[in-house]
Amino acid sequence: SWGRIRNELLKSVGKSNFTNWIEPLKLDTFENGIARFEVPTKFMRDWVSRNFAEQIRQHLEKAGENVARVEFHVPSRSATSPAAVTERSSKSKTGAPRAPDDSVLTAAPLEARFTFDTFVVGKPNELAHAAARRVAEGGPVTFNPLFLYGGVGLGKTHLMHAIAHELQTRQSELRVLYLSAEQFMYRFVQALREKEIMGFKEMFRSVDVLMVDDVQFIAGKESTQEEFFHTFNALVDQNKQIVISADRAPGEIKDLEERIRSRLQCGLVVDLHPTDYELRLGILQQKAELYRSQYPGLKMAPGVMEFVAHRITTNVRVLEGALTRLFAFASLVGREITLDLVQDCLADIIRASDRKVTIEEIQRKVAEHYNIRLADMIGPKRVRTIARPRQVAMFLAKSLTTRSLPEIGRRFGGRDHTTIMHGVRKIEELKATDSQLADDLNMLQRLLEA
Ligand code: ADP
Ligand code: MG
């Protein structure tokens, strides 16, 4: 039986090959010496028939079957059998089953709702979004790699999945491989263990688009880095698009080999900035729209969204979680979503969000960063090398805390609120043109919010 033959195959192809390629096969028909297997994707079909068809045939023969040929086919898109839906494709936004995906060789499942449609664009993410869109058009490779970075929950994974979804609809023949750096390592180690490194290399080198999420994970992991570097180079040489994400800029990832760092930097590096109030509100409104259809009849008092967007500033994931809880709770108790209910229901999240940065922390970090004395933050010196960092700290105090200008002034050695306002404006103005300053602000903000 196929079950027994599978066990034999497991022994002869090794565990990683088995899980990647053999396990998903479904014996469909076996007639006139032709064994037909169903495979979920075209990519798998090509791969399996190229690499494993003969072995499968031999095993069938050994088991006493008379096999002239083994064939693999991908169920047609209109098929409704469960096998037509790949393991990863869940429901699309409309609730209809998605067309089976034959272009994306999945190492990690793609989230169906992570599309460009559901990505809210605002100032903090507009560049990253535009770059992702460009890659998703699938035209000639203009920058390689696209390196997306930003703090946790700011939409890196969402954008990468959106690229994969879009490419797949536009060019279904494209082989798109999305996986996390952790999975890359896992597969690599497994291939090493099973002595299947050639197959591993070949597989990664045969994709058209490679996307590796959270690449900071391989920092410090020497042999994985080495392999990643080779894969990376091989694909760039073939002019294949690579998309990478990380939680920080290439230059800030510790324990990353210099040559990898510089390769990562030679494409387009864009960051997702921490959300601002408008973006948070936009995301909440989009989500709420969805929930309104899920919980018809649920009322929401005015000002609720604004309040939430104001008070929950950590990251989008937390923001979404808060809204989900709010709707679930309100519908459970059959109450309108009022500000009171929000405060009750989200007390813990709001408190956690409030336990944010203090002005003292800001001053300390900024002083460290610019290598000046903490005392100079509140002291009277007016030389540029001290005054500018001080203004940076004022700016961060204004944007990261809820303190008023006079309160901030008091903590900067009793300065007047107009001085603070001037400092904040100055930095706002400068950061638009001074990219070094913009980077500094970004990094400081991330450090402080970590
Ligand atoms: P990251 O990979 O950067 O940690 P994710 O991409 O996983 O973050 O995003 C976390 C959650 O926030 C996801 O549910 C995602 O859909 C949502 N999200 C983040 N940014 C946006 C955005 N601009 N519009 C809509 N949803 C977003
Ligand atoms: Mg992510």
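This presentation covers a sheet and its hairpin, two helix pairs, a cis peptide bond and the surroundings of ligand 1 in a predicted model.

Let me begin with the sheet. It is open, has three strands in the order E1-E2-E3, and its pairing is mixed. The edge positions belong to E1 and to strand E3, residues 69–73; each has a single partner strand, so one side of each is left without a neighbour in the sheet. On average, neighbouring strands here are turned by 25° against each other, with direction ignored. As a general reminder, strands of a sheet pair through backbone hydrogen bonds, either parallel or antiparallel.

Within this sheet, I would like to look at E1 and E2. Strand E1 spans residues 26–31 and strand E2 residues 34–38; the two run antiparallel and are joined by five bridges. Which residue of E2 does Leu-27 face? Leu-27 stands opposite Phe-37. Further along, Thr-29 has Arg-36 of E2 opposite to it.

The connection between these strands deserves a moment. E1 and E2 form a hairpin, with two residues between them. Asn-32 is found in the loop that links E1 and E2. Its phi is near 50°, a positive value in a residue other than glycine.

A second backbone feature concerns a proline. Asn-144 and Pro-145 are joined by a cis peptide bond, with omega at about 0°. Where does Pro-145 lie? Pro-145 is in the loop between helix H5, residues 126–136, and strand E5, residues 146–150.

I turn now to helix packing. At the N-terminal end of the numbering, helix H1 covers residues 2–13 and helix H2 residues 15–22; their axes come within 7 Å and cross at roughly 130°. H1 and H2 are therefore oblique to each other, and the crossing is right-handed.

The other pair consists of helix H18, residues 384–400, and helix H21, residues 435–449, whose axes come within 11 Å and cross at roughly 50°. That angle makes H18 oblique to H21. The crossing of H18 and H21 is right-handed.

Finally, the ligand. How many residues surround ligand 1, and which come nearest? There are 17 around it, and the nearest are Gly-155, Lys-156, Thr-157, His-158 and Val-316. By class, the shell contains seven nonpolar, seven polar and three charged residues. Two helices, H6 (156–170) and H13 (316–333), each supply at least two residues of this shell. In terms of domains, at least three shell residues come from domain 2, residues 104–272, and at least three from domain 3, residues 277–354.

To close, I would leave you with two points about this predicted model. The hairpin of E1 and E2 has Asn-32 in its turn, with a positive phi of about 50°. The shell of ligand 1 draws on both domain 2 and domain 3.

How values were computed. Residues numbered from 1 in each chain as written. Chains lettered and ligands numbered in written order. Predicted model: local features only at pLDDT ≥ 70, side-chain atom pairs only at ≥ 80, totals over all residues. Pairing = 2+ DSSP bridges. Helix = DSSP H or I, 4+ residues; strand = E, 2+ residues; numbered from the N terminus. Near = placed C-beta within 6 Å. Nonpolar A, V, L, I, M, F, W, Y, C, P; charged D, E, K, R; others polar. Domains from an automatic or database assignment. Axes fitted to C-alpha atoms, helices over the stretch in contact; angles between N-to-C directions. Parallel < 35°, antiparallel > 145°, perpendicular 65-115°, else oblique. Left-handed = near helix turned anticlockwise from the far one by under 90°.
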